[in-house]
Each structure stands twice: as C-alpha cells, then as structure tokens.
Amino acid sequence: MGEISWDLYETRINIDGSTNRERNINRLKRSMLDNIQDSPSYKTVTIGSVNRNVVINDKQNLNKKDIVSLPEETFYVGEYVGYLNSNWLITAISDNDIYTKGEMSLCSLLLKWQNQSGEIISRWAVVDKAFPSLDGGNVIITSDKKMYIKLPFCLNSQSLFVNKRFLLEKANGIP
C-alpha cells in the first residue's frame, strides 16, 4: 500500500468549498445550471444590449413578471429588459448567494422631453395610474388624477426636476 497524499485528500474534500455552507451553495449553483435549460420559464432576453439567459415567471398582474438570473450573474434596478417584443423595466431586486431575483414591469409609454441643451430625449417608462381623488366642495367637485412614472436613473433622467409636467393623455382632443 502506498503513502497517503494528504494534499490530494484535502483538495478533494474542499473541491466545492471549505465549509458546509460553501459546499451547499456551490452544489445548488451547479444543479441550477445543469437543470435550468429544461424549464419552460427559461428565456433568452436582452438586458441593456446584451443577450442573457434568465428565468421569467408570470405574476397575477400581467404587466409585471418575476425575473431570476443564473448563478454568478446579476442585473440592476432601472435596467431595460427586451422580452416578448416589448420593453420592460426592472423595478425591484433581491440578491442572495445563488442568484438575483427581481420584478420587471411593462413599459407602456415612450416618454419624450427636452433637455437643457434642447435635445429631445426619449425613454420607455412604466406608468402607474393612481385612482382619482374626489374633492367635494359646496359648489363643485373636481378630480385630481396623478400618474406615477418610473424611468431608469441616467444622466438625462436625473436632470428632470420636481413638478416637471408631461403631456401624457388627451381627452376629447384636449391635453
């Protein structure tokens, strides 16, 4: 019988990590990568301008979807996702040691504005309409409807100032 190679033994023991936690995380990552391509939720999308493989799951609200990265990959709030011939905006994320999970919302409006240089800027936006609030006075009832707009945070969008107004809708031809 030959001499025991403790270095080889140590290398084999620590191949997936030096602690039980590291070994479990690395095994889960490898298992996810080995099996994810068989999932019906496995999709190729464009994040930024790069094709990426992710998992996309439906939510009850059809304008929102859950998105999950592959192990060792991530994405960020405010990034655009090209999926189903539409633009989606990542609006929330949660990281863990294995993957990044997030929520993306369908962009329903191409918002245009003029920057300080006079250049027209266009960005896809998520628009959430708030319920109108009614103010009943003695003489008149008015409706105050607000819309919440989500844009990616970039040089052009951060130059927008509070109380900036946009033409979003027309009712009977009147803005």
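This passage describes the fold of the protein chain and a selection of its residue-level features.

The model analysed here is predicted. Three helices and eleven strands make up the secondary structure of the protein chain. Read from the N terminus, the elements follow the order α-α-β-β-β-β-β-β-β-β-β-β-β-α. The chain comprises 175 residues, of which 27% count as buried. Its accessible surface amounts to about 12700 Å², and carbon and sulfur atoms contribute 50% of that area. Among contacts with a separation of 6 or more, 39% link residues that are 24 or more positions apart.

Six of the strands close into a barrel, arranged in the order β1-β2-β3-β6-β5-β4 with antiparallel pairing. From one strand to the next, the twist averages 45 degrees. Within this barrel, strand β2 (residues 50-58) runs antiparallel to β3 and is joined to it by five bridges. The two strands, β2 and β3, constitute a hairpin with five residues between them. In this pairing, isoleucine 56 is found opposite isoleucine 67 of β3. On the other pairing examined for β3, strand β6 (residues 100-106) is the antiparallel partner, again over five bridges. Here aspartate 66 stands opposite glutamate 103 in β6.

Strand β3 (residues 64-69) is largely enclosed by the rest of the structure, because six of its six residues are buried. In a regular strand, side chains alternate between the two faces of the sheet. In β3, Lys64, Asp66 and Val68 point one way, while Lys65, Ile67 and Ser69 point the other way, and all of these residues are buried. The buried set thus includes the lysines Lys64 and Lys65 as well as Asp66.

Strands β4, β5 and β6 continue the description of the barrel. Strand β4 (residues 80-83) pairs with strand β5 (residues 86-95) in the antiparallel sense, over four bridges. Tyrosine 80 lies opposite leucine 89 in β5, and valine 81 lies opposite tryptophan 88 in β5. A hairpin is formed by β4 and β5 with two residues between them, and leucine 84 in the turn has a positive phi of about 55 degrees. Seven bridges connect β5 with β6, and this pairing is likewise antiparallel. These two strands, β5 and β6, also form a hairpin, with four residues between them. Tryptophan 88 has leucine 106 as its bridge partner in β6.

Tryptophan 88 also takes part in an aromatic interaction. A search of the whole structure returns one aromatic pair. This pair consists of tyrosine 83 and tryptophan 88; the ring centres are 6.2 Å apart and the planes make an angle of 55 degrees, an arrangement classed as tilted. Both tyrosine 83 and tryptophan 88 are buried.

A further three strands form an open sheet in the order β7-β8-β11, with antiparallel pairing. Strands β7 (109-114) and β11 (147-150) occupy the edges, each with a single partner strand, so one side of each lacks a neighbour in the sheet. Neighbouring strands of this sheet are turned against each other by 50 degrees on average, direction ignored. Strand β7 is joined by six bridges to strand β8 (residues 120-129), and the two run antiparallel. Leucine 110 faces tryptophan 124 of β8 in this pairing.

Among the helices, α2 (residues 20-35) contains lysine 29. Lysine 29 has a relative accessibility of 14% and therefore counts as buried, the limit being under 20%. When residues up to four places away in sequence are not counted, lysine 29 touches Pro71, Glu72, Asp97 and Ile98.

Two cysteines were also examined. Cysteine 107 counts as buried at 7% relative accessibility, whereas cysteine 154 is partly exposed, with a relative accessible area of 22%. The count of disulfides by the distance rule comes to zero, the rule requiring a pair of cysteine sulfur atoms within 2.5 Å.

Conventions: Residues numbered from 1 in each chain as written. Predicted model: local features only at pLDDT ≥ 70, side-chain atom pairs only at ≥ 80, totals over all residues. Heavy atoms only, no water. Buried < 20%, exposed > 50% of the residue type's maximum accessible area, 1.4 Å probe, protein only. Contact = heavy atoms within 4.5 Å. Areas by Shrake-Rupley, 256 points an atom, 1.4 Å probe, with all protein chains shown as cover. Pairing = 2+ DSSP bridges. Axes fitted to C-alpha atoms, helices over the stretch in contact; angles between N-to-C directions. Phe/Tyr/Trp six-rings, centres within 6.5 Å; stacked < 30°, edge-to-face > 60°.
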